[in-house]
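Colleague: Could you take one part of this model and go through it closely, with the cut-offs stated as you go?

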Amino acid sequence: MYCTKKITDDLTWVGANDRRLAMFEGVYSVPDGVSYNSYLLCDEKTVLFDTVDKAVHHRFLENLDAALQGRKLDYLIVHHMEPDHSASVVELTVRYPDLVLICNEKTLTLIKQFDFFDTDSRALIMKEGDTFDTGRHTLHFLMAPMVHWPEVMVTYDASDKILFSADAFGCFGALNGALFADEVDFARDYMDEARRYYTNIVGKYGNQVEALLDKASALDIEMLCPLHGFVWRKNIGDFISKYAHWSSYAPEEKGVMIAYASVYGNTENAAEILSCRLREKGVKSVMYDVSVTPASYIISAAFRWSHIVIASTTYNAGIFVSMEALISDLVEHNIQNRTVAIIENGSWAPTSGELIREKLKECKNITFLEKTISLMSSLKAEQLADVEEMAEAIAASEPGLAPQRLAKPAAAQGQQAAQEAAPPPESIDPTTAFKFSYGLFVLTARDGDKDNGCIINTAIQITEKPFRISIAVNKANFTCDMIIKTGEFNVSILAESAQFKAFQQFGFQSGRTADKFDGCGYDTRAANGIMYVPENTTGIISGKVKDAYDYGTHMLFIADVTQAFVLSDEMSVTYQYYFAHIKPKPPAQKEKKAGYVCRICGYVHEGDELPDDFICPLCKHGVEDFERL
Ligand code: FEO
């Protein structure tokens with residue numbers, strides 16, 4: 001039975017999924033399957049955009065037949081002649097004898113090569129910028145050579161603002177009933193596979209992808225229809241930005257990808273110890289055994305992370321076989337702009353390190369850490385210092401790579417503490433800071449089963465593309481510790497309707513000793529699994545920490561936004577509004593009570609004693625900013 005999906009009134013997906021394929025193109029494992037997309041436009045003329053792989057040919061023909069609803073197929077646009085999209089071309093010319101193929105000269109050559117039949121008499125040849133009217137739609141043809149083969153072209157339907165993008169903007173994975181990227185949590189569930197698809201299929205051709213992106217930037221695109229994966233109709237710019245990033249070979253994240261080849265576990269041991277030392281310095285690291293993990297995953301990781309460590313034993317006086325293959329793959333995929341460190345091993349003549357270095361020198365802009373760690377069979381106790389040194393050199397090689405180890409040397413810390421404790425000079429009135437139009441937010445995090453949250457007043461958008469924000473959090477807050485550990489958080493933007501009890505709930509107690517969500521009556525979580533506040537809030541923003549900076553009392557987190565949604569049209573609360581309308585006014589006091597008042601925000605702590613470690617629950621300033629009532 002046919003299985004089609006409607007995209008617009010006159011455009012239908014007639015492709016098919018394959019979950020039995022073990023190796024895509026004979027080399028890339030696809031554990032979650034793959035889709036072969038084909039699209040039928042039913043206008044005054046009927047036009048099919050590409051066909052499918054032979055494995056799903058019969059389902060595709062059934063789909064096409066159903067979508068045509070008794071009409072004949074007039075035109076077939078062949079964007080790409082790779083057989084996973086062209087296996088049904090010959091069959092269609094048999095079924096529809098008058099079928100006209102729309103393609104370019106290079107495509108025509110390839111059709112003859114693959115299918116041994118002469119299409120000259122039925123081919124309509126397009127060149128860059130040519131157009132074709134189907135009735136209501138005008139199709140524009142743009143050449144996209146080497147994305148992924150030389151004959152590739154894409155089509156822009158100017159009427160519905162759709163770009164049929166061939167292999168570009170594709171993704172591994174069967175569609176599983178969805179068709180649009182916004183029907184799934186793409187960032188969480190599919191971005192890794194989109195990266196693996198991009199880097200392995202067209203990673204080598206960054207310049208050509210950039211040329212296509214340049215052409216696309218001149219178009220008003222409302223939908224992307226690729227040959228694999230989901231159709232994009234929302235947040236298209238975000239995905240195009242990913243392509244712009246990947247095609248530039250700039251690292252996507254700061255961190256270290258360790259790939260190791262180890263025959264008896266000793267090279268792995270050294271790599272593992274290095275990974276531990278890196279983590280202790282706050283550096284993210286991932287590890288792959290190149291004899292176990294398919295190369296396509298490691299290539300993808302190499303494109304993702306800023307630093308690469310290659311650890312390999314020596315084999316037949318060369319590089320170990322699986323590592324040699326990986327290194328060749330990395331070079332062939334044009335990896336560049338990375339910092340690389342090397343660990344070699346060998347029981348009588350370790351040579352792999354120099355050989356790896358020589359091969360990777362073929363890549364552009366690779367910075368090698370000077371010292372290679374050389375093992376004779378296994379890491380010795382006296383070499384632990386070398387591993388520590390390598391971890392230290394990696395951590396120091398780029399600002400922000402080790403965000404959690406920003407604590408300053410003891411002397412500098414003492415200096416800073418003295419500066420912070422000293423009263424501000426007369427030229428600085430600290431209350432001027434209240435003239436900033438701060439908002440108020442509940443910042444939530446989750447570590448294991450523990451949910452927690454606190455009040456913050458500094459959350460701002462830094463950039464729109466990518467959507468990136470910063471938050472500042474007092475280090476005394478337990479939520480700050482949780483974010484340092486997990487790297488994720490939600491910001492619930494409080495509305496003017498927020499009640500004082502919300503500030504008491506999240507601001508006047510510590511998550512170290514209290515469950516701040518106890519009795520809250522809701523269990524609302526964003527896609528990252530972290531709680532957010534659903535009431536008296538105007539919007540929710542989920543962040544994934546990209547960088548973190550230690551500024552003495554506070555941590556400044558820079559985060560990529562992974563989810564954002566609006567909850568109400570109410571006004572978001574400002575700091576001033578809070579003081580004017582939400583914070584209860586102290587009752588007129590007949591007699592002066594004993595206590596301390598915060599010079600910064602006016603918070604009053606009642607009692608004779610003010611503990612040395614007291615932190616103002618509102619503005620988070622310490623005892624040095626309190627004075628007796
Ligand atoms: Fe999906 Fe380059 O073919």
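Modeller: What follows is a close look at one strand and its pairing partners. This is a predicted model, in which local features need pLDDT of at least 70 and side-chain atom pairs count only at pLDDT 80 or more, whereas totals for chains, interfaces and linings use all residues. Residues are numbered from 1 along each chain as its sequence is written, and side-chain values use heavy atoms, with hydrogens and water left out.

The part I have chosen is strand 14, residues 153–157, where strands are DSSP runs of E with at least two residues, numbered from the N terminus. Strand 14 is mostly covered, five of its five residues being buried, a term that stands for under 20% relative accessible area with a 1.4 Å probe and protein chains only. The cover extends to both faces, with Met153, Thr155 and Asp157 buried on one side and Val154 and Tyr156 buried on the other.

As for its partners, where pairing requires that DSSP finds at least two bridges between two strands, strand 14 pairs with strand 13 (residues 138–143) in the antiparallel sense over five bridges, and within this pairing Tyr156 is the bridge partner of His140. Strand 14 also pairs with strand 15 (residues 162–166), again in the antiparallel sense, over three bridges, and here Asp157 stands opposite Ile162. Strand 14 and strand 15 together form a hairpin with four residues between them, and in that turn Lys161 has a positive phi of about 55°.

Conventions
Buried means under 20% relative accessible area, exposed over 50%, partly exposed in between (1.4 Å probe, protein chains only).
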